[in-house]
Amino acid sequence: VEGQVFDCWEPEKYVVPGHCEKRDDGHWWVFPDDGDPVRLNWLAAGQDWGYTSPGVVSVWGFDDWDRAWLVEEVYRTKQDDGWWTDTIAELHAKWGFWRVVTDPEHASGIAMVNRRLRAEDGRPLLTTADKRTLQAGRTKYSMVMHAHTEMSQGRLLFLEGARRHERDEFLKSKPACTVEEFPGYMWAPPRESRRYEMVGGEGPSLDVPIKVNDHGIDAMLSNSSDRYSLRAPAS
């Protein structure tokens, strides 16, 4: 589609039927319906805050081939900070992910989670994505292109049925999980892109995506871009 950001997106290629379970070796494993089991060496999560618009927490596991697997996600509207804190606590207890990369603009929610939850090394569980105002355009573009490269090289995979709940009733005609966002994730026209250039964006005027129905992708971008700095030390 003209203007589509992830022009390499093919659901039959990147959405993998199967399930994920924890084995006696202490590792989570992905069991594709068609293929060999894949061991996940470590896990991290991405988050995009929301209330009227969807909030998202996505859990990602990383294997020996440096591929990122979306194994579980919560994609919901109309939920407050307390509900999201409880949800992150439940996901952390289940998966034991190393960090959650979150949108830095929701300070009260971040503080609430970090007062309650700590990572394995004792540091706050939530860390913020690099979205400095003066670098907004350039940072967004680099994050998008990094994820595009990861996907085109087969290193971003999505476990079918990863959403842990029924479709949100308030999202009747909108995406209700991350994989539903990709077809409509588009580059902005020049007029909208210039707004990002005014706050420090660089590069061609089309190099900024439209900020519509991108909540799961935003959570994915933060996690994908920061994955190497997030990696847990080898045990």
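**Exercise 1. The aromatic cluster**

Task: Work out which residues the ring pairs link into a cluster, and how its edge-to-face pairs F6–F182 and W9–F158 are built.

Solution:
- Start with the membership. In this predicted model, ring pairs tie F6, W9, Y14, W60, F158, F182 and Y185 into a cluster.
- Next, the overall tally: the count comes to eleven aromatic pairs.
- Now take F6 and F182. Their ring centres are 5.2 Å apart and their planes sit at 90°, so this pair is edge-to-face. The cut-off you need here is that planes over 60 degrees apart count as edge-to-face.
- Where do these two rings come from? F6 is in the segment before α1 (11-14), while F182 is in the loop between β9 (156-159) and α5 (190-197), so the pair ties together parts 176 residues apart in sequence.
- Check burial: F6 is buried, and F182 is too.
- Then do W9 and F158. Here you get 5.7 Å centre to centre and 85° between the planes, again edge-to-face.
- W9 belongs to the segment before α1 and F158 to strand β9, so this pair bridges parts that are 149 residues apart in sequence.
- W9 and F158 are both buried.

**Exercise 2. The nonpolar core**

Task: Find which members of the largest nonpolar core touch the most other members, then follow M220 to its contacts.

Solution:
- The largest nonpolar core holds 53 residues, and those touching the most other members are F6, V71, W95, F97, M151, F158 and M220.
- Which strand gives this core its largest share? That's β4 (residues 38-48), with six residues.
- Set this beside the general trend: in soluble globular proteins, nonpolar side chains tend to be buried together.
- Zoom in on M220. Skip its neighbours within four places in sequence, and its contacts are F6, S58, W60, A147, L156, F158 and F182.
- Compare with Exercise 1: F6, W60, F158 and F182 belong to the aromatic cluster, and M220 contacts each of these four.
- There is also another core lying apart, of five residues, including Y75, L171, A176 and A219.

**Exercise 3. Strand β4 and its partners**

Task: List the strands that pair with β4 and give the sense of each pairing.

Solution:
- First, how covered is β4? Mostly: nine of its eleven residues are buried.
- Partner one is β3 (residues 28-32), which runs antiparallel to β4 and is joined to it by three bridges. W29 has R39 in β4 as its bridge partner.
- β3 and β4 make a hairpin with five residues between them, and G35 in the turn has a positive phi of about 150°.
- Partner two is β5 (residues 55-63), also antiparallel to β4, with eight bridges. L43 stands opposite G61 of β5, and a hairpin of six residues connects β4 to β5.
- Partner three is β7 (residues 100-102), which pairs with β4 in the parallel sense over three bridges. The bridge partner of G46 in β7 is V101.

**Exercise 4. Helix α2 from end to end**

Task: Describe the length, the two ends and the buried residues of α2.

Solution:
- Length: α2 (residues 81-95) has 15 residues and spans 21 Å from first C-alpha to last, close to the 21 Å expected at 1.5 Å a residue.
- N-terminal end: D80 is the cap, with a side-chain oxygen 3.2 Å from the backbone nitrogen of G82.
- Other end: G96 follows the helix, and its phi is positive, near 65°.
- Burial: in α2 the buried residues are D81, W84, T85, T87, I88, A89, L91, H92 and W95.
- To read that list, recall that an α-helix has 3.6 residues a turn, so residues three or four places apart point the same way. Stepping through W84, I88, L91 and W95 takes you along buried positions.

**Exercise 5. H148 and D66**

Task: Decide whether H148 and D66 are buried or partly exposed.

Solution:
- H148 sits in helix α4 (residues 136-152). Its relative accessible area is 16%, so with the buried cut-off at under 20%, H148 is buried.
- What does H148 touch, not counting residues up to four places away in sequence? V5, F6, D7 and C8. The C-alpha atoms of H148 and C8 are 7.8 Å apart, although 140 residues separate the two along the chain.
- D66 is in the loop between β5 and β6 (68-76). Its relative accessibility is 24%, so D66 counts as partly exposed.
- The C-alpha atoms of D66 and N41 are separated by 9.5 Å, with their positions 25 residues apart along the chain.

Note on methods. Residues numbered from 1 in each chain as written. Predicted model: local features only at pLDDT ≥ 70, side-chain atom pairs only at ≥ 80, totals over all residues. Heavy atoms only, no water. Core = buried A, V, L, I, M, F, W, Y, C linked by side-chain atoms within 4.5 Å. Buried < 20%, exposed > 50% of the residue type's maximum accessible area, 1.4 Å probe, protein only. Helix = DSSP H or I, 4+ residues; strand = E, 2+ residues; numbered from the N terminus. Contact = heavy atoms within 4.5 Å. Expected span 1.5 Å × (residues − 1). Polar contact = N/O pair within 3.5 Å; in protein donor to acceptor, adjacent residues only side chain to side chain. Pairing = 2+ DSSP bridges. Phe/Tyr/Trp six-rings, centres within 6.5 Å; stacked < 30°, edge-to-face > 60°.
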